[in-house]
Amino acid sequence: MRKLKTTAAIAALLGLATVAQAQDGYFAGKTIEVVVPFGEGGATFVSAKFLEPYFEKHLPGNPDIDVVSRPGGGSILGANWFEQNAKSDGTTILFTTSSTANPFVLGQEGVEYRLADYRVAYSHPFSSVAYVSPSTGVTSAADVKNATTPLLYGGIAAAASDLPALLSFEVLDLDVKSVLGFNGRGPVRLAFEQGEVNLDYQFTPVYLTQVVPSVEAGTAVPLWTGGAMQDGVLKARDPIAPDLPSVYEVHEMMNGSAPSGIEWDAFQGIASVTYAYGLTGYMHPDTPQEVLDIFAETVAAINADPAFQAEAKEVTGGAVLSAGPDTEAAVKSALSPSDEVKTYLRDLLSTKYGVNF
C-alpha cells in the first residue's frame, strides 16, 4: 500500500512538473499581435510600444510582440477587425481605450465587436486631472461653484474620451459650457493657455509634464482627478496625483454626502474604462483561463521589474499594470451598464451635445 501511495505521489509531482514546464514555454516561438485601433503617433500606440519589451521579457517562452496600428472610424474599424480575426490562444490582443468602449456601451452604429464578452488580459491606468484658470476666481475644488466667470470647457467629442469629464460636471451639478470639436487634447491645452477656455482635463502623463509647470507658475489651479478604484468604487485618490481629491471626494466636500443616483452610476461606469482601466488588453472570448493566469503572473513580474519601475516614472508617473479576476470583473461590469444608465447616457448626449445614434 505504501508503495502504491509513493508511486501515485511521484506521478502527481511529475504531472505538476509537466504542467509547469508547459507554462514556462507556453509562448515559445510564437508572435503575439497587439492590435491598436488608432494611429501610430497616438498615446495608445506609444503605450503599447512602451510595454512591448517588458512582455517579451517576462512572458513564458519570450514571444515576439508585434504592435500593429489599425486606425479608422474612431477605433471602431480596428476593433471590428479584431472581432473577425482574433485567435483564441492568447496570440491576438486588442489594446484600446474608452474611445472603443464608449461606442460599444452606447450601441453606436457600426459597432460589431463584443467588448463585454472579451477576456481581460491586463490593464494600465490612464487617469486625468481637471484644472481651471485662476481668472475664474476658483482657488480649489471646494469653491468651484463660486467661479466669478462662466466655466468654459474645451473638448474633442462628447461620446469619446471627453464623456467622463462631461459626466463629472453632471455629478457635481456644475454649470459648464462645453466647446467641442478640437482635434486633440494638445490643442485644448493650448486654448487654455491662450485664455480661449478656462477649464480643462488632461491625462496624468500630460498633466505631470505639461500642466504642472503652469500650476507652479500660478497660471493653472488643479481641482480633482478621475479617482482610483477602492472596494469596487471609483472613490480613492489617484496614486499618481495623491494631493488632489477624486470626483467622489469633491461631491462629499460640496454636499456632505457620497454621490449616488443615475449621474454617479453613469460616471463611474464610463470613468472606470477611461481612467482606472484606461488602457486595456482584451482577448478572444474563448481564450483559456490558463492564458489569463499566465498574463496575471507576467504582470506581477513586470511591476516588480526595476527597469519598468524606473521607466514608468518617466512615462506614466509610475502607474502599474493590473490583471487577474478582479480587474476583469471590474472592466466587464463597467462595459455592461444597466438599461437605465444606457438610456440616461443616450438622452444626455443627444439632447445636450447633439450626438446622433
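Here, Ala, Val, Leu, Ile, Met, Phe, Trp, Tyr, Cys and Pro count as nonpolar, Asp, Glu, Lys and Arg as charged, and the others, Gly among them, as polar. The model is predicted.

Q: Which class of residue, nonpolar, polar or charged, has the highest count in the lining of the second largest pocket?
A: This pocket holds about 340 Å³ of space, and 22 residues line it, with G232, Q268, S272, A330 and S333 closest to its centre. Sorting the lining by class gives eight polar and three charged residues, against eleven in the class we're after. That class is nonpolar.

Q: Which element gives the largest share of the lining of the largest pocket?
A: There's about 880 Å³ of space in this one, and G42, A43, T44, S161 and F203 are the closest of its 36 lining residues to the centre. Three elements give two or more residues each: α4 (98-106), α7 (204-217) and α2 (43-58). The largest share is four residues, and it comes from α2.

Q: How are α2 and α10 set relative to each other?
A: Their axes come within 10 Å and cross at roughly 115°, in a right-handed crossing. Angles of 65 to 115 degrees fall in one class, so the two helices are roughly perpendicular.

Q: How many nonpolar residues are in the contact of α2 with α10?
A: On the α2 side you'll find Y54, F55 and H58, and α10 brings F295, T298, V299, A301 and I302. None of these residues is charged and two are polar. The nonpolar count is six.

Terms used: Residues are numbered from 1 along each chain as its sequence is written. This is a predicted model: local features need pLDDT of at least 70, side-chain atom pairs count only at pLDDT 80 or more; totals for chains, interfaces and linings use all residues. Side-chain values use heavy atoms; hydrogens and water are left out. On a 1 Å grid over the protein atoms alone, a cavity is a set of points where a 1.4 Å probe fits but cannot get out, and a pocket is an open set with protein on both sides within 12 Å along at least five of seven lines; lining residues have an atom within 4 Å of a point. Grid points are joined across faces, edges and corners, and a volume is the space filled by probe spheres set on the points. Axes are lines fitted to C-alpha atoms, for helices over the stretch in contact, and angles run from 0 to 180 degrees between N-to-C directions. Angles under 35 degrees count as roughly parallel, over 145 as roughly antiparallel, 65 to 115 as roughly perpendicular and the rest as oblique. A crossing is left-handed if the near helix is turned anticlockwise from the far one by less than a right angle, and right-handed if clockwise. Contact means heavy atoms within 4.5 Å.
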